Amino acid sequence: MIDLVRKAKHDDVNAFHELYKLFGKDIYNFVYRLTGSKEDAEDLTQETFVKAFQDLKNLREDSRFKSWLFSIARNEVYQRARRYGSRVKPLEEEAIQIPSTEKTPEEAYLHGELSDIVQSALDSLPLKLKTVLVLAAIQNHSYQEIAEIVGRSVPAVKTDIHRARLKVREYIKKYLSL
Amino acid sequence: MNCQLCCQELSAYIDKELNEKTAAQLRMHLTTCLNCKAEYESLLKMQVMMDEAEVFEPDPAIWIRIERQISKKKADFWDMVLSTLQDLIARYAYFIHTPTLVGSLAAILLILMTFSLYDKYQEKRALMAWVEKHSRANVSLEINPFGSQVIESLDENPFDTFKEVSLDLNVNYFGSSFFSESETLEKNPFSL
């Protein structure tokens with residue numbers, strides 16, 4: 001990976017394509033879970049990689065490319081949330097909660113659509129908690145990596161992940177036996 | 001470990017982020033506390049749901065759009081450089097005095113030629129120093145950087161230990177064959 005990053009830093013588009021093959025799917029799924037919209041996920045994945053290619057020369061440690069890429073994706077989602085509000089949940093917990101998926105959790109459960117249930121539960125969270133939970137529980141990043149991505153300390157990240165888990169559990173508990 | 005601490009650490013335990021000592025204490029507590037065990041199983045069940053949640057494949061067209069945008073941005077950069085140059089020329093063309101411009105360019109060219117010839121002169125000196133060292137002969141070199149004549153005189157045969165020698169001196173000014181000169185000695189010019 002480090003070799004590909006070095007090549008991509010010298011405007012090697014083929015090397016950057018290899019990096020896209022490595023991380024494109026993860027970034028897409030990360031962004032999709034944050035926005036709850038495939039259209040937004042496609043746009044934001046595209047914007048993330050274009051921005052990454054442009055700013056790659058500013059990356060000091062090539063080995064941290066993955067965390068750096070995820071932090072760009074996170075910033076893109078946050079910027080869009082600030083700019084448009086749209087489907088992305090606001091940063092503050094007090095904000096009004098508008099689930100992005102059309103089905104209610106009961107409907108989703110009846111249709112056996114586990115992914116929709118998870119998405120509805122995630123959409124009930126403020127963006128800050130949703131980000132760390134998606135990275136930890138769905139994308140299996142270490143707490144250290146998550147701390148780098150969101151720019152906070154490991155203990156703060158750990159606390160937020162636990163809070164997010166409890167909130168999601170409360171949300172799902174209404175419909176499923178947990 | 002008490003119940004409060006156990007519940008605080010459950011998420012980190014599920015995510016395998018606890019050190020071995022704390023994890024062992026937590027496991028021990030779970031064997032004795034039914035409430036904490038129920039809490040753990042509930043969170044674990046939720047984690048299983050998340051593990052089983054669908055992973056989506058991105059549309060292959062995303063990369064095509066990324067590549068197109070990257071190329072466009074690169075092209076945009078050079079367009080910007082070119083248009084800035086054109087703007088500058090258009091803006092200051094009125095003030096440019098043609099003889100001054102030609103004179104400046106000639107001066108720049110002369111400076112570049114001087115540097116290039118000096119480099120070649122240094123290369124030749126190094127070559128002669130090598131010949132002198134290995135032949136134990138006295139070699140003198142005169143070079144006129146602005147002329148085509150290169151005068152080399154050897155007061156002693158540097159090649160007296162060899163029957164035949166081949167020596168190439170190739171001076172390539174500005175990378176152009178037009179200015180290059182080459183000397184090849186197929187036979188020892190100093191042997192009888």
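Begin by selecting His141(A), which in this predicted model sits in the loop between α7 (127–138) and α8 of chain A. With a relative accessibility of 6%, His141(A) counts as buried, because the cut-off for that word is under 20%. Now show what surrounds His141(A): apart from its neighbours within four places in sequence, the residues in contact with His141(A) are Lys66(A), Phe70(A), Leu135(A), Ala136(A), Ile146(A) and Ile149(A).

From the loop, move on to helix α8 (residues 143–150) of chain A and select helix α9 (residues 154–173) of chain A together with it. How do the axes of these two helices cross? They come within 9 Å and cross at roughly 100°, and because angles of 65 to 115 degrees count as roughly perpendicular, that is the word used for α8(A) and α9(A). To see where the helices meet, select Tyr143(A), Gln144(A), Ile146(A), Ala147(A) and Val150(A) on the α8(A) side, and Val154(A), Val157(A), Lys158(A), Ile161(A) and Arg165(A) on the α9(A) side. If you colour this contact by residue class, you will find seven nonpolar, one polar and two charged residues. Ile146(A) belongs to this contact, and Ile146(A) is also among the residues that touch His141(A).

Next, return to Phe70(A), another contact of His141(A), and add Phe30(A) to the selection. The ring centres of Phe30(A) and Phe70(A) are 5.3 Å apart and their planes stand at 55°, so this pair is tilted. The pair links distant parts of the chain, since Phe30(A) is in helix α2 of chain A and Phe70(A) is in helix α4 (residues 65–84) of chain A, 40 residues apart. Are these two residues buried or exposed? Both Phe30(A) and Phe70(A) are buried.

Stay with chain A and select Arg74(A) and Tyr78(A), where Arg74(A) lies over the face of the Tyr78(A) ring, at 4.4 Å from the ring centre.

For the last stop, turn to the aromatic rings, of which the structure holds eleven pairs over all chains. In one of them, the rings of Tyr20(A) and Phe49(A) have centres 4.9 Å apart and planes at 75°, so the pair is edge-to-face. Tyr20(A) belongs to helix α2 (residues 13–35) and Phe49(A) to helix α3 (residues 38–55), both of chain A, so that the pair links parts of the chain 29 residues apart. Both Tyr20(A) and Phe49(A) are buried. Finally, extend the selection to Phe16(A), Phe53(A) and Trp63(B), which ring pairs link with Tyr20(A) and Phe49(A) into a cluster.

Definitions and conventions
Residues are numbered from 1 along each chain as its sequence is written. Chains are lettered from A and ligands numbered from 1 in the order in which they are written. This is a predicted model: local features need pLDDT of at least 70, side-chain atom pairs count only at pLDDT 80 or more; totals for chains, interfaces and linings use all residues. Side-chain values use heavy atoms; hydrogens and water are left out. Rings of Phe, Tyr and Trp (its six-membered ring) pair if their centres lie within 6.5 Å; planes under 30 degrees apart count as stacked, over 60 as edge-to-face and the rest as tilted. Helices (H or I, at least four residues) and strands (E, at least two) are DSSP runs, numbered from the N terminus. Buried means under 20% relative accessible area, exposed over 50%, partly exposed in between (1.4 Å probe, protein chains only). A charge sits over a ring if NZ of Lys or CZ of Arg is within 6 Å of the ring centre and within 35 degrees of the ring normal. Axes are lines fitted to C-alpha atoms, for helices over the stretch in contact, and angles run from 0 to 180 degrees between N-to-C directions. Angles under 35 degrees count as roughly parallel, over 145 as roughly antiparallel, 65 to 115 as roughly perpendicular and the rest as oblique. Contact means heavy atoms within 4.5 Å. Ala, Val, Leu, Ile, Met, Phe, Trp, Tyr, Cys and Pro count as nonpolar, Asp, Glu, Lys and Arg as charged, and the others, Gly among them, as polar.
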